[in-house]
Structure formats: structure tokens, C-alpha cells
Amino acid sequence: MKKIFIALLAALMISLLTACGSSAEKTSPADKSDDKILVAYFSCTGNTKKAALEVAEILHADTFEIVPAEPYSLDDLNYNIENCRANVEQKDSNSRPAIAKKIDNAAQYKTIVIAFPIWWHEEPRIIDTFVESYDLAGKVIVPVCTSGGSDINTATKNLQALCKGATVKDGKRLGIISIDEVKTWLDSLGL
């Protein structure tokens, strides 16, 4: 009787170990490193962060906040002041504000969604710093923006020129469309 019990226990253990081993080998498409998606976002007021995190949730993506090395103050963002920092940077297409930290392993991402507010009809110059900091060849770049009234067309064209070797999709302005419309749009991209 004792031998039968030990044999049954051994068979049960082998079955459990086999089941655990086979389930660990199974990966979903989202787990493959060549399919990983990153949502990188720059947000001064929180509007873009909210939109970016919604996109990340829909896509089951990692997130990365693009943080300026020198944070923007309220005066830096006061567009009514001609020489506020944001205006000065936007007027200089060569301006590249420094970023506080970089992505540890950007190579692991196949697709990078870049979320930003529109400043004077374009992406903030810190976005230019971000895309020029990495080798984006072979990656898919998806620009998304928040804006009180401007579209994303000029920013998308700028990113197409800056993201050498990458496929830059047509961008989308968020905040003016429902979450269901965002999901439908993201599905249409085949990410």
C-alpha cells in the first residue's frame, strides 16, 4: 500500500511539474520582445499624461515619461510672454532641451507611441531631443497629441523627417475623440 501511495504521489508530482513547465513556455504575442510597445510622453499640465496612459492601457504598453532636465515653470509656459522659455524654444527649430533620463533599452520596442502637447502648431522641441537620442531605424512611430485647437499634421511631418529609417504613422489628436474612437484608431494601425 505504501509503495502504491508513493508511486501515485510521484506520478502526481511529475504531472504537476510537466504542466508548470509547459505553461511557462507558452507566451502570448504581447510577451514577445519584438512586439513590445512603448508609450513615451511629455506632459507639463497633465492633459497629455492622461491621454498617454489611456493609450498605454489600451495597447498593454510600457510607459516612459520624457522629463526635462530643467523643469518648466508656469512662467516658462506663459505663451502671452514673448520671451517665455516655450516660445523661445519653439522659434528655434535647432533647440534641443535636455532630457533628465533615457530609456534603458529602447531597442526592445518595435513600436513607440510618442505623446505630446502641440506648441505653436508643432511638437515641443524636447520631443525632437527624444527622437534624436535613439536609433529608431526599423521601428514604428505613432505620434499622438493633445491640443486646444491645433492639429498634429505639422508635428507628424517633422517627426517623419527626424525619425530616420522609422515608419512614422499619421498622428492623431486625442482629447477630442472618445476612448472607443481611440481604440478603433489604434486597431486600424495593426499594432
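Both Glu122 and Arg125 are buried (buried is under 20% relative accessible area, exposed over 50%, partly exposed in between, with a 1.4 Å probe and protein chains only). The two form a salt bridge, with the closest N and O atoms 2.7 Å apart. A salt bridge here is a side-chain nitrogen of Lys or Arg within 4 Å of a carboxyl oxygen of Asp or Glu.

This is a predicted model: local features need pLDDT of at least 70, side-chain atom pairs count only at pLDDT 80 or more, and totals for chains, interfaces and linings use all residues. Residues are numbered from 1 along each chain as its sequence is written, and side-chain values use heavy atoms, with hydrogens and water left out.

Stay with Arg125. Its relative accessibility is 4%, so Arg125 counts as buried. Its side chain also meets that of Asp128 in a salt bridge, at 3.5 Å from N to O. Asp128 and Arg125 are three residues apart in helix α4, so about one helical turn separates them. Helices (H or I, at least four residues) and strands (E, at least two) are DSSP runs, numbered from the N terminus. An α-helix has 3.6 residues a turn, so residues three or four places apart point the same way.

Asp128 has another partner. It forms a salt bridge with Arg96, the closest N and O atoms being 3.6 Å apart. This pair links distant parts of the chain, 32 residues apart: Asp128 lies in α4 (residues 125-132), Arg96 in the loop between α3 (85-91) and β3 (109-117). Asp128 is buried, at 2% relative accessibility, whereas Arg96 is partly exposed, at 30%.

How many salt bridges does the structure hold? The count is eleven.

Now turn to helix α2. It covers residues 47-59, 13 in number, and reaches 19 Å from its first C-alpha to its last. That is close to the expected 18 Å, where the expected span is 1.5 Å times one less than the number of residues. Its buried residues are Thr48, Ala51, Ala52, Val55, Ala56 and Leu59. Seen down the axis, they fall within an arc of 140°, so they line one face of α2. The arc is that of the directions from the helix axis to the C-beta atoms. On the other side of α2, Asn47, Lys50 and Glu57 are exposed.

What covers the buried residues of α2? The cover includes β1 (36-41), β2 (62-65), β3, β4 (140-146), β6 (172-174) and α6 (179-189), with contact meaning heavy atoms within 4.5 Å. After α2 comes His60, whose phi is positive, near 55°.
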